[in-house]
Structures are given as C-alpha cells and as structure tokens.
Amino acid sequence: MKIENLEKLNEMRKSGAISEEEYQQIKANLLESVSPSEEENELPMGLSASNYCSIMNFIQLFFGAGWVISIILWVIGKDNEQVRQQGNYIINWLISCLLYGIIAAPLIIFTLGLGVFFYIALGICSLLFPIIGGLKSLNGTAWKYPLSIPFLK
C-alpha cells in the first residue's frame, strides 16, 4: 500500500480541494487497488524492479565479492518476477563462466599456453556482459547472457 498516496489525499481533503465523500471514495479505491501480491513483491529500499536488476548486474563488476552479493540480491528479491528472471540469467552465466574457466585450465597445459587466450576472452565477457545486462535492466528488459548454459529456467 502506498502510504504517500493516502497522505496526499488527506492533505487535499484538509485543504478543501476535495469533499469528504470524494475523499472516502478515492481512499476506498486506493485500498482496493493494492493487492497482497504487490506488497509481497516490494524490493528492499523501495527500489523498482528495473533498478534492482541493474544493481544485480553491475555489482558483478566487483570480482569475487560482486558475484556473491549478486546471488544474495537475487535470493532476497526473487519473489518479484523480473528479478527472478534476470537473477536466473545471471546465475546461469556465473555457473557457465566457472565451468569455462575449469575447462580452460587444461588447455593451457596441453596447448602450450594457447588456453590463456580463452581466459582473456572469458575475462572480457565477464566485464562486458554485466554492463550490457545492467543497461538493459534499467530499460526494464531482462537480458539473457550469451554463451551461458541454461541451468535455471
């Protein structure tokens, strides 16, 4: 429920901008329009879903701790559909990135160091994908990271 809307409505009633009957009718409509699911889907600090998703993406740029924080944010906000979907895409990328890194280790040994280029490409993707995902999230679009294996749907 948006307390701010009720407070503004009450101020309008007190100032005489609306009558008592109009106040009661609008108040009833406001209270009916708020469903329990909207209250359950509220995100921390009153962030919108698009801002919350962009934070989940951008925070990955802080290597190591950023991945952990991104996962924690996903767990906290996964009741929201947009957050759940973008979080799934992020988790899929993080798991895929880890697997690609594990696969690249033997390539360094068996290809006399050529596997280093694989690590460089993986590092570039790990920088670019969260930035692109964060910018897309600001526009309200969930962005599926390329090259990620869909572990979570």
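# Close-up views of a predicted model

**View 1. The SHOCT stretch, residues 6-31.** Residues 6-31 are 85% helix and 0% strand, and their end C-alpha atoms sit 9 Å apart. (Helices, H or I in DSSP, are runs of at least four residues, and strands, E, are runs of at least two; both are numbered from the N terminus.) The name comes from an unreviewed UniProt entry, which annotates this span as "domain: SHOCT". UniProt positions follow the numbering used here, feature names are shortened, and annotations may be inferred rather than shown by experiment. Keep in mind that this is a predicted model: local features need pLDDT of at least 70, side-chain atom pairs count only at pLDDT 80 or more, and totals for chains, interfaces and linings use all residues. Residues are numbered from 1 along each chain as its sequence is written, and side-chain values use heavy atoms, with hydrogens and water left out.

**View 2. Arginine 13 and its two partners, glutamate 20 and tyrosine 23.** Side chains of opposite charge can pair when their charged atoms come close. Here arginine 13 and glutamate 20 meet in a salt bridge, at 3.4 Å from N to O. (A salt bridge needs a side-chain nitrogen of Lys or Arg within 4 Å of a carboxyl oxygen of Asp or Glu.) The charged end of arginine 13 also sits over the ring of tyrosine 23, 4.6 Å from the ring centre. (To count, CZ of Arg or NZ of Lys must be within 6 Å of the ring centre and within 35 degrees of the ring normal.) How exposed is arginine 13? With 27% relative accessibility, arginine 13 is partly exposed, and glutamate 20 is partly exposed too, at 37%. (Buried means under 20% relative accessible area, exposed means over 50%, and partly exposed is in between, using a 1.4 Å probe and protein chains only.)

**View 3. A salt bridge inside helix H6, between arginine 84 and glutamate 81.** The count of salt bridges comes to two, and one of them joins arginine 84 to glutamate 81, with the closest N and O atoms 2.5 Å apart. Why are these residues about one helical turn apart? Because they are three residues apart in helix H6. Arginine 84 is partly exposed at 27%, and glutamate 81 is partly exposed at 49%.

**View 4. Lysine 78 over tryptophan 74.** Lysine 78 lies over the face of tryptophan 74, 5.3 Å from the ring centre. The unreviewed UniProt entry marks residues 55-77, 89-110 and 116-135 as "transmembrane region". Over residues 55-77, the chain is 74% helix and 0% strand, with end C-alpha atoms 12 Å apart. Residues 116-135 are 100% helix and 0% strand, and there the end C-alpha atoms lie 29 Å apart.

**View 5. Rings around phenylalanine 129.** A pair of aromatic rings is described by the distance of the centres and the angle of the planes. The structure holds five aromatic pairs. (Rings of Phe, Tyr and Trp, the last by its six-membered ring, pair if their centres lie within 6.5 Å; planes under 30 degrees apart are stacked, over 60 edge-to-face, and the rest tilted.) In one of these pairs, phenylalanine 129 and tryptophan 143 have ring centres 5.8 Å apart and planes at 75°, so the pair is edge-to-face. Phenylalanine 129 lies in helix H7 and tryptophan 143 in the segment after H7, so this pair ties together parts 14 residues apart in sequence. Phenylalanine 129 also meets tyrosine 145, with centres 6.0 Å apart and planes at 80°, so that pair is edge-to-face. Phenylalanine 129 and tyrosine 145 are 16 residues apart, and their pair links distant parts of the chain. Are these two residues, phenylalanine 129 and tyrosine 145, buried or exposed? Both are buried, and tryptophan 143 is buried as well. Trp93, Phe129, Trp143 and Tyr145 make up one aromatic cluster.

**View 6. Two residues with positive phi, methionine 45 and leucine 147.** Methionine 45 has phi near 60°, a positive value in a residue other than glycine. You'll find methionine 45 in the loop between helix H3 (36-40) and helix H4 (49-58), and it is exposed, at 78%. Leucine 147, also not a glycine, has phi near 70°. Leucine 147 is in the segment after H7 and is exposed, at 54%.
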